[in-house]
Amino acid sequence: ISTSDKEKTGLDYVKVKAWSECYLTQSSVMIHLTIYRVDPKGGDKEVRSFDNYKGIKSGKLVEITDAKVLCVNKKPTKYYGVAKAHVVIPGMGVFDKGAFSAIKNALNCGT
């Protein structure tokens, strides 16, 4: 649950961050992040997707920091994020990487 969003808006949000970081300058970094809700009966559900396609795409650190979903009730729910990055490092090549967040304890945040 995002404490900064709670302070600003008074509302609860589940927030997930994703980034691509390298000691070399990256260019043309495209990150796609999807937040999933764990369904205890199986078949996790996609809640929302985010990308940086219109934002900053170069540098040693490129990130998505505003990926969040509004909690609509207090039902204990588990979430996780899956991110994929397509990165060009000049003189080194093109790289595709993926990552996912660990599924942690249930949050009092149903969507």
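Is D39 buried, partly exposed or exposed? At 22% relative accessibility, D39 counts as partly exposed, where buried means under 20% relative accessible area, exposed means over 50%, and partly exposed covers what lies in between, with a 1.4 Å probe and protein chains only. This residue is found in the loop between β1 and β2 (45-51), and, leaving aside its neighbours within four places in sequence, D39 is in contact with D44 and K45, a contact being heavy atoms within 4.5 Å. D39 and Y79 are 40 residues apart in sequence, while their C-alpha atoms are 9.3 Å apart in space.

The model discussed here is a predicted one, in which local features need pLDDT of at least 70 and side-chain atom pairs count only at pLDDT 80 or more, whereas totals for chains, interfaces and linings use all residues. Residues are numbered from 1 along each chain as its sequence is written, and side-chain values use heavy atoms, with hydrogens and water left out.

Taken as a whole, the protein has one helix and seven strands, and from the N terminus on these elements run α-β-β-β-β-β-β-β; helices (H or I, at least four residues) and strands (E, at least two) are DSSP runs, numbered from the N terminus. The C-alpha trace spans about 50 × 35 × 20 Å along its principal axes. Of the 111 residues of the protein, 30% count as buried. Among the contacts with a separation of 6 or more, 64% are between residues 24 or more positions apart. The protein exposes about 7,300 Å², of which carbon and sulfur atoms supply 54%; such accessible areas come from the Shrake-Rupley method with a 1.4 Å probe, and for residues only the protein chains shown count as cover.

The interior can be followed through the largest nonpolar core, which has 20 residues, and in which V14, I31, L33, I35 and A67 have the most contacts. A nonpolar core is a set of buried Ala, Val, Leu, Ile, Met, Phe, Trp, Tyr and Cys residues joined through side-chain atoms within 4.5 Å. Strands β1 (13-37), β3 and β5 (79-89) each supply at least two residues of this core, and the largest share, eight residues, comes from β1. For I31, not counting residues up to four places away in sequence, the residues touched include A18, W19, F50, Y53, V62, I64 and A85.

The structure also holds one aromatic pair. The rings of Y36 and Y80 have their centres 5.3 Å apart and their planes at 15°, so the pair is stacked; rings of Phe, Tyr and Trp (its six-membered ring) pair if their centres lie within 6.5 Å, and planes under 30 degrees apart count as stacked, those over 60 as edge-to-face and the rest as tilted. This pair links distant parts of the chain, with Y36 in strand β1 and Y80 in strand β5, 44 residues apart. Y36 is partly exposed, with a relative accessible area of 21%, whereas Y80 is buried, with a relative accessible area of 15%.

Charged side chains add further links, and a search of the whole structure finds three salt bridges, each defined as a side-chain nitrogen of Lys or Arg within 4 Å of a carboxyl oxygen of Asp or Glu. One of them joins D5 and K68, whose closest N and O atoms are 3.0 Å apart. Because D5 lies in helix α1 (residues 3-9) and K68 in strand β3, the pair ties together parts that are 63 residues apart in sequence. Of these partners, D5 counts as buried at 5% relative accessibility, while K68 is partly exposed, with a relative accessible area of 25%.

K6, D12 and K74 are linked in a network of salt bridges. The side chains of D12 and K6 meet at 3.4 Å, N to O, and the closest N and O atoms of K74 and D12 are 2.7 Å apart. Since K74 lies in strand β4 (residues 73-77) and D12 in the loop between α1 and β1, the latter pair ties together parts that are 62 residues apart in sequence. D12 counts as buried at 15% relative accessibility, K6 counts as partly exposed at 37%, and K74 is exposed, with a relative accessible area of 54%.
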